[in-house]
Amino acid sequence: YGEIIMARTTFSGPVVSQSGFLSDHTTAAAIPATAVATAAEVATGYITSTSAGATAITFPTGTLLGAELQATAGTVLELVVDNTGGASLVTMVVGVNAILSDAATTTAGSFGDLTIAFGVTGMARYTLLFSSATAYTITRTA
């Protein structure tokens with residue numbers, strides 16, 4: 001039924017899992033200004049922004065991200081966006097072959113929230129769920 005991709009990373013030392021999920025992002029992609037995130041940046045599972053000005057980060061196309069992850073229908077990627085070091089809002093922008101999930105459209109104020117605060121509350125987690133090798137839905141999960 002697909003696979004869950006937390007991030008491409010190597011673990012060293014003892015690994016402790018809670019409820020079967022563990023995420024240790026040893027590599028983060030820094031996107032300090034408005035840009036289209038590359039598939040490789042999103043595939044790290046962790047994006048940071050430290051911009052002093054408002055920043056818009058566009059999700060990559062479903063085709064590019066699907067190829068990067070070798071995705072199939074049912075592939076899931078958890079993406080953390082960290083704006084704790086920023087001084088202005090980050091807005092995530094839906095890209096080509098990426099759509100907001102049903103939960104995101106029916107409860108836009110939470111699951112569809114694409115704006116990330118800055119400072120200590122400036123963290124967000126998105127679940128990207130592939131419906132095919134080239135298309136995915138986006139849901140904010142934290």
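Q: Exposed means over 50% relative accessible area, and buried means under 20%. Which residues on the other side of α2 are exposed?

A: This model is predicted. In it, Leu64 and Ala67 are exposed on that side of α2. Gly62, Leu65, Gly66 and Leu69 of the same helix are buried. Viewed along the helix axis, the buried residues fit within an arc of 100°, so they line one face of α2.

Q: Why do residues three or four places apart in an α-helix point the same way?

A: An α-helix has 3.6 residues a turn, so a step of three or four places comes back to the same direction. Now try it on α2. Its buried residues are Gly62, Leu65, Gly66 and Leu69.

Q: What follows α2?

A: Glutamine 70 does, with a positive phi near 55°. That is a positive value in a residue other than glycine. Glutamine 70 sits in the loop between α2 (62-69) and β6 (76-82). Its relative accessibility is 66%, so glutamine 70 counts as exposed.

Q: What is phi near in asparagine 97?

A: Phi of asparagine 97 is near 65°, also a positive value in a residue other than glycine. Asparagine 97 belongs to the loop between β7 (90-93) and β8 (98-100). Because its relative accessibility is 38%, asparagine 97 is partly exposed.

Q: Let me step back. How many helices and strands are there in the protein?

A: There are three helices and eleven strands. Read from the N terminus on, the order is β-β-β-α-β-β-α-β-β-β-α-β-β-β.

Q: What share of the contacts with a separation of 6 or more comes from residues 24 or more positions apart?

A: Such pairs account for 65% of those contacts. Look at burial next. Of the 142 residues, 39% are buried. The protein exposes about 7100 Å², and carbon and sulfur atoms supply 61% of that area.

Q: How many residues are in the largest nonpolar core, and which have the most contacts inside it?

A: A core here is a set of buried nonpolar residues joined through side-chain atoms within 4.5 Å. The largest has 26 residues, and Met92, Tyr126 and Leu128 have the most contacts inside it. The elements giving two or more residues to this core are α1 (39-43), α2, β6, β7, β10 (123-132) and β11 (135-140). The largest share is four residues, and it comes from β10.

Q: Which residues is leucine 128 in contact with, leaving aside its neighbours within four places in sequence?

A: Its partners are Val42, Phe59, Leu65, Thr75, Val76, Leu77, Leu79, Tyr136, Thr137 and Ile138. Find Leu65 in that set. Leu65 is one of the buried residues of α2.

Q: How do I read an aromatic pair, and how many are there by this rule?

A: Check two things: the distance between ring centres and the angle between planes. The count comes to two pairs. Phenylalanine 59 and tyrosine 126 form an edge-to-face pair, 6.0 Å centre to centre with 85° between the planes. Phenylalanine 59 lies in the loop between β5 (55-58) and α2, while tyrosine 126 is in strand β10, so the pair ties together parts 67 residues apart in sequence. Both phenylalanine 59 and tyrosine 126 are buried.

The other pair is phenylalanine 130 with tyrosine 136; it is tilted, at 5.2 Å centre to centre and 40° between the planes. Phenylalanine 130 counts as buried because its relative accessibility is 2%. Tyrosine 136 is buried too, with a relative accessible area of 1%.

Q: Where is alanine 124 found?

A: Alanine 124 is in strand β10. At 4% relative accessibility, alanine 124 counts as buried. Not counting residues up to four places away, alanine 124 touches Leu79, Val80, Val81, Ile116, Arg140 and Ala142.

Q: Is threonine 55 buried or exposed?

A: Threonine 55 is buried, with a relative accessible area of 4%. Its place is in strand β5. Beyond neighbours within four places in sequence, threonine 55 contacts Pro32, Ala33, Thr34, Ser49, Leu89, Val90 and Thr91.

Q: What pLDDT does the protein average?

A: The average is 87, and 82% of the residues score at least 70. Over residues 7-20, though, the pLDDT is below 50. That stretch has 15 contacts in the model beyond near neighbours in sequence. Where pLDDT is low, do not read the predicted coordinates in detail.

Terms used
Residues are numbered from 1 along each chain as its sequence is written. This is a predicted model: local features need pLDDT of at least 70, side-chain atom pairs count only at pLDDT 80 or more; totals for chains, interfaces and linings use all residues. Side-chain values use heavy atoms; hydrogens and water are left out. Buried means under 20% relative accessible area, exposed over 50%, partly exposed in between (1.4 Å probe, protein chains only). Contact means heavy atoms within 4.5 Å. pLDDT is the predictor's confidence in each residue, from 0 to 100. The arc is that of the directions from the helix axis to the C-beta atoms. Rings of Phe, Tyr and Trp (its six-membered ring) pair if their centres lie within 6.5 Å; planes under 30 degrees apart count as stacked, over 60 as edge-to-face and the rest as tilted. Accessible areas come from the Shrake-Rupley method with a 1.4 Å probe; for residues, only the protein chains shown count as cover.
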